[in-house]
Amino acid sequence: MALSKRRRVLPGFGLSVGYTLAFLGLIVLLPLAALAWKASGIGVAGLLHLLAAPRTQAALKLSFGGALAASLINALFGLLVAWVLVRYRFPGRRLLDALVDLPFALPTAVAGIALTALYAPNGWLGHAFDAFGVRIAYTQLGVGIAMVFVGFPFVVRTLQPVLESMDRDVEEAAESLGARRSQTFTRVILPVLVPALLTGFALALARAVGEYGSVIFIAGNMPMRTEIAPLLIVQKLEQFDYAGAAALGVVMLGFSFVMLVALSLLQRWSRRWAEALP
Amino acid sequence: MKKKTILFLLALLTLFAAGNASAKNITLLNVSYDPTRELYQDLNRSFAAQWKAQHGDNVVIRMSHGGSGTQARSVADGLPADVVTLALAYDIDALADRGLLARNWQQRLPDNASPYTSTIVFLVRKGNPKHIKDWPDLIKPGVQVITPNPKTSGGARWNFLAAWGYALKQPGGSEAKARAFVHALFQHVPVLDTGARGATNTFVQRGMGDVLLAWENEAFLAQRELGKDRFDIVVPSMTILAEPPVAVVDANVAKDGNRAVAEAYLKFLYTPQAQDIEARHFYRPRLAAVAQKYATQFPAVKTFTIAQLFGDWRKAQAKFFADGGVFDQIGPGSQPDR
């Protein structure tokens with residue numbers, strides 16, 4: 001971690017850091033600065049007015065609430081899938097493993113159309129659920145499902161390497177020392193996994209918050225109910241309201257930033273907790 | 001591929017060697033909206049042939065398609081379009097506001113700079129099970145209407161204004177009655193897609209709704225692509241005359257020196273030859289002679305225009321679709337107290 005303190009085996013520290021900073025600046029910071037600059041056109045009063053609008057609040061609530069729920073689901077099932085893929089050997093495992101990445105590779109619009117086709121009232125799954133009076137497509141549930149879909153690989157892929165590097169001896173030791181299975185899981189396995197789990201959760205969350213392409217197909221986009229915040233941004237752009245669009249972007253960025261900072265604090269705390277365990 | 005390129009280069013060389021070197025290659029960029037893809041493929045081919053015959057130069061017209069508003073934004077942000085052929089005048093007005101073309105662009109060509117028109121019609125399921133004949137049928141109990149979001153879709157703005165205009169033009173019609181009608185109409189809308197094609201998909205593929213408010217050309221296209229046995233087109237008693245406008249982007253043609261070709265290209269859209277192509281792609285032609293030929297395809301319908309009812313697109317946009325405008329006040333999710 002502390003790169004500067006370690007004696008460096010390879011030369012070129014200055015050069016590589018220089019490139020890193022230049023690259024980050026060009027690819028990440030510059031667009032963000034441009035965004036902030038565009039957003040500044042709206043002024044503080046404009047921003048407050050924007051935030052006070054019930055539609056803005058509803059959309060932000062849906063985007064962040066939906067993303068939070070979707071990432072929690074992904075954390076749970078991602079852990080399960082990663083566990084199965086690492087710990088068990090069964091025919092078709094490699095295929096399953098490759099499948100996990102598909103949501104990464106699929107253009108989001110295609111994902112959105114496929115999900116909608118499946119969950120629409122005349123679609124396969126949608127039809128079955130409709131019989132029980134449950135609507136999925138064109139409801140907030142549909143938004144959540146699209147968010148689960150796009151965020152899923154993050155949790156699995158961040159957990160897998162950690163699980164693979166975990167020594168089974170530790171579990172066996174715990175068992176031979178008389179730990180119950182639940183104790184082995186909560187006191188031996190979980191502490192090691194939690195930091196990676198949180199990373200995966202944060203990545204899935206960030207992805208779901210900003211997701212546009214797949215969600216708009218399945219959401220129905222009804223104001224106050226199924227309208228996500230990125231769609232509001234598009235609507236502002238459609239009226240050539242660049243400042244308003246950028247301001248909403250900055251607001252989303254701010255929320256995301258706070259959440260990611262909170263998560264990384266949680267992560268640090270969880271590491272210490274893991275180290276403090278006997 | 002490679003062989004072809006070499007052959008092509010050789011052919012070019014021979015052309016030059018033969019002393020025929022005066023033929024220039026001209027490239028135009030036409031930035032258009034979504035449903036015109038097939039239309040302009042055909043139009044461009046005819047125009048290129050005509051230009052070649054008359055002037056000996058090769059014109060290649062490159063196309064860019066997308067949502068009308070998105071396309072206008074790209075041009076505003078520097079996409080070097082020589083001509084824009086968009087869904088509504090507001091989007092070209094926005095370019096004029098940014099100084100890319102003269103503010104009087106709509107007077108520079110005949111017919112409000114719209115060589116072809118369309119209307120808003122109803123696409124219903126085969127046999128018209130809900131008996132939808134006219135606008136009032138859309139707000140009967142149990143009828144679901146599919147239309148995209150006017151905030152994001154040019155086509156949806158035409159839909160909205162068609163409904164508004166119909167209610168306004170009825171005997172005893174008033175602003176308040178139009179407001180009430182459109183408010184009621186949007187209570188029957190279960191999904192708001194972001195674009196016209198998306199709404200068509202929702203209606204056709206997802207089986208949502210009983211009626212789709214659509215461009216006439218899109219309705220014909222849907223019927224042709226998906227079979228006449230699945231959908232009927234219902235033409236209401238009165239609808240809006242949608243005028244998709246075209247314009248030369250002054251700032252860009254001044255830079256690349258394409259003004260003459262660009263202007264000729266747009267004028268070509270008004271010629272009998274082009275009007276025939278437009279009619280074949282389900283756009284209503286302006287020329288009476290061509291309209292006559294396709295009279296069976298396009299049923300006569302009473303129409304009103306933006307200019308007649310709302311002044312112009314700028315005013316209509318500001319009143320209805322700007323943030324806090326009429327659509328926000330009476331559309332889905334609106335706050336009744338505001």
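Analyst: Two residues are in contact if their C-beta atoms, placed from the backbone, lie within 7 Å. This is a predicted model: local features need pLDDT of at least 70, side-chain atom pairs need 80 or more, and totals for chains, interfaces and linings use all residues. Residues are numbered from 1 along each chain as written, with chains lettered from A and ligands numbered from 1 in written order.

User: How many residues does each chain give to the contact between chain A and chain B?
Analyst: Chain A gives 21 residues and chain B gives 21 residues. On the side of chain A that touches chain B, helices H3 (54-87), H6 (108-119) and H12 (229-238) of chain A give two or more residues. H12(A) gives the most, four residues. By type, this side of chain A holds 12 nonpolar, six polar and three charged residues. Asp, Glu, Lys and Arg are charged; Ala, Val, Leu, Ile, Met, Phe, Trp, Tyr, Cys and Pro are nonpolar; the rest, Gly among them, are polar.

User: What does the secondary structure of chain A come to?
Analyst: Chain A has 13 helices and zero strands. Both are DSSP runs numbered from the N terminus: helices (H or I) have at least four residues, strands (E) at least two. The C-alpha atoms of chain A fill a box of roughly 65 × 60 × 30 Å along the principal axes. Of the contacts in chain A with a separation of 6 or more, 79% join residues 24 or more positions apart.

User: What percentage of chain A counts as buried?
Analyst: Of its 278 residues, 33% count as buried. Buried means 20 or more other C-beta atoms within 10 Å of the residue's own; 12 or fewer means exposed, and in between is partly exposed.

User: How do you know that the length of helix H6 of chain B agrees with its residue count?
Analyst: H6(B), residues 154-169, has 16 residues. The expected span is 1.5 Å times one less than the number of residues. That gives 22 Å, and the end C-alpha atoms are 22 Å apart, so the two agree. H6(B) is also mostly covered, with 14 of its 16 residues buried.

User: What puts the buried residues of H12(B) on the same side?
Analyst: The buried residues of helix H12 (272-280) of chain B are B:Ala274, B:Gln275, B:Ile277 and B:Glu278. They cover an arc of only 160 degrees around the axis, which puts them on the same side of H12(B). Among the elements covering them are helix H2 (37-55), strand E4 (116-125) and helix H11 (259-268) of chain B. After H12(B) comes B:Phe282, with a positive phi near 75 degrees.

User: Why does the largest nonpolar core lie between domain 1 and domain 2 of chain B?
Analyst: This core, a set of buried nonpolar residues (Pro left out) joined through C-beta atoms within 7 Å, has 153 residues, of which B:Val83 and B:Val249 touch the most other members. Helix H8 (140-165) of chain A gives the most to this core, 12 residues. Domain 1 (2-114 + 244-269) and domain 2 (117-242 + 301-330) of chain B both give residues, so the core lies between them. Leaving out residues up to four places away in sequence, B:Val83 touches residues including B:Leu28, B:Val249 and B:Tyr265.

User: How many residues of each domain of chain B join the contact between them?
Analyst: The domain bounds come from an automatic or database assignment. The C-alpha centres of the two domains lie 31 Å apart. Domain 1 gives 14 residues to the contact and domain 2 gives 15. H4(B) supplies the largest share of the domain 1 side, four residues.

Definitions and conventions. The arc is that of the directions from the helix axis to the C-beta atoms.
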